[in-house]
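Please take a moment to look over the sequence and the 3D structure shown here, and then follow the paragraphs below as they lead from one part to the next.

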Amino acid sequence: MRTGVRWKIAVAIAAVGALVAVTLSLVVHNAARVSMLDNARDVQMWRLLFAQRVYETSKPKEPRFGTKINDPALPTQLDQLMRDRRRGTYVQEHRGGGPPDVWAAVPLANGDVLSLHVPFADRGATIMKDLDRALIIGSVSVVFGGCALGVLIGGQLSRRLRKAAAAAGRVAQGNTDLRVRDAIGGVVRDETDELARAIDALTDALNERIEAERRVTADIAHELRTPVTGLLTAAELLPPGRPTELVRDRAQAMRTLVEDVLEVARLDGASERAELQEIALGEFVERRVRVFAPDAVIRVVHESWVSTDPRRLERILGNLLANAARHGKGAAAGAAAGAGTGTGPIAGVGAGAGAGPDSGSGPGSEARPVEVTVEGRVVRVRDHGPGFPEALLREGPSRFRTGSADRAGKGHGLGLTIATGQARVLGARLTFRNAAPEGSPEGTGGAIAVLWLPEHAPTTTGSFPVLRLRD
């Protein structure tokens, strides 16, 4: 049964109530009928005995009060009793239905049999009909009452389960401070409370494990900063040449990786705060995109003023553009990747090295630039490559997971992870999908990343807590 718990419980209680009501009705009906027939047999025997005394004392001896001598219609069972010289009564049912006949017979001293039979009283049949009607009404009332009781009981249980499911969903979205047990409330204690406590315990255990992993990652990255900085300084002292360039390139990549890992750890720790400023979104995006990807196509459909953190917004744009240029079929890949390693409002922006091939890899067959569209508070970044992998569309960006089978020199898959974390700090949403142009198979029209900035800033103090949202 693909129904809710409420209706399953209601149907179960109604079915049990109907079974009990029908069983009791049959028992009561049969008991009442047997009792009334036994009473009718006693009355019939009393009448026959009275008629026997009158018959034996009267002269001439003639049967009276409807009695008969040696009635040929006497039932076989009574005939056997008469041969044994015993009196008795018998209820004779008719095959065609109708009220049964109540017989009474006694043996006489001369060997004859005096018998009397009358149909079951109409009044008794009326009483049985009234009783059956009352039993039917009572059974129906019990069924409907049980159904209503089941709806009430099941409704309460269903509401508690729905509250628990909703609270668990909010916990899954990142609101780990929420307690499922407190969310369901109520004074009744049942299995839902055990389920809620189990979910809360699981949430606490996962939070502790995630926090421990975050601390370990942050500590390792922090400890690596000093030796990596020393390595970069030493690389600058090497004599010019191809080996020196390779050492410097790998050392710079390692430094960028360490900075990105530290940034991810800070974002996971929910300690980041946005410093809000009023900016013209279209103008801001156009100026930043010209730095990161000079060959990108920019369209400002509708200008809008937004309250956001320019530094974090620039970080998001840099990572999205680097990811799009690296894996799209655009000629601006080199420009965007190079821009990622330059200077900017955020120290060590590293979009080119840290973004990684989150959207997969593949050779470009046609030079088509990255497209950036600003429409109100929405920013879209589209490339013309193979599109995002299914795992990313299904589960979202994941650190150190790239769409390329060969990760050597292709980044570390942190770009979109950082962009998503920065979007959460801004109270924004970052969604991913693949474009499918007309006449092309699904997923071959390029990857589209959409940044949805909030309409209203939560506070006017310049900062606000991290809002955890999930697409």
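**Salt bridges, helices and strands**

At 45% relative accessibility, Glu 283 counts as partly exposed, a class that lies between buried (under 20% relative accessible area) and exposed (over 50%), as judged with a 1.4 Å probe and protein chains only. The model is a predicted one, in which local features need pLDDT of at least 70 and side-chain atom pairs count only at pLDDT 80 or more, while totals for chains, interfaces and linings use all residues. Residues are numbered from 1 along each chain as its sequence is written, and side-chain values use heavy atoms, with hydrogens and water left out.

Glu 283 forms a salt bridge with Arg 287, and the closest N and O atoms of the pair are 3.9 Å apart; the term stands for a side-chain nitrogen of Lys or Arg within 4 Å of a carboxyl oxygen of Asp or Glu. Both residues lie in helix H7 (residues 281-292), 4 residues apart, which is about one turn of the helix. Helices (H or I, at least four residues) and strands (E, at least two) are DSSP runs, numbered from the N terminus. Arg 287 is also partly exposed, with a relative accessible area of 43%.

By the rule just given, the count comes to 10 salt bridges. Another of them joins the side chains of Arg 179 and Asp 204, at 2.8 Å from N to O. This pair links distant parts of the chain, since Arg 179 is in the loop between helix H3 (122-172) and helix H4 (180-184), whereas Asp 204 is in helix H5 (residues 191-236), 25 residues apart. Asp 204 is partly exposed, with a relative accessible area of 32%.

Which residue forms a salt bridge with Arg 288? The partner is Glu 314, with the closest N and O atoms 3.1 Å apart. Arg 288 lies in helix H7 and Glu 314 in helix H8 (residues 310-327), so the pair ties together parts that are 26 residues apart in sequence. Both Arg 288 and Glu 314 are buried.

Helix H8 itself can be followed from end to end: its 18 residues reach 26 Å from the first C-alpha to the last, close to the 26 Å expected at 1.5 Å a residue, where the expected span is 1.5 Å times one less than the number of residues. Of these 18 residues 16 are buried, so H8 is largely enclosed by the rest of the structure. At the N-terminal end of H8, Asp 309 acts as a cap, with a side-chain oxygen 3.1 Å from the backbone nitrogen of Arg 311.

Turn now to the strands. Strand E5 (residues 277-280) and strand E7 (residues 305-308) pair in the antiparallel sense over 4 bridges, where pairing requires that DSSP finds at least two bridges between two strands. Ile 279 stands opposite Val 306 in E7. In a regular strand the side chains alternate between the two faces of the sheet. Along E7, Val 306 and Thr 308 point to one face and are buried, while Trp 305 and Ser 307 point to the other and are not.

Elsewhere, an open sheet of 4 strands has the order E1-E4-E3-E2, with antiparallel pairing. Strand E1 (68-69) and strand E2 (88-92) stand at its edges with a single partner strand each, so one side of each is left without a neighbour in the sheet.

Note on methods
A polar contact is a pair of N or O atoms within 3.5 Å; within protein, one must be able to donate a hydrogen and the other to accept it, and residues adjacent in sequence count only if both atoms are side-chain atoms.
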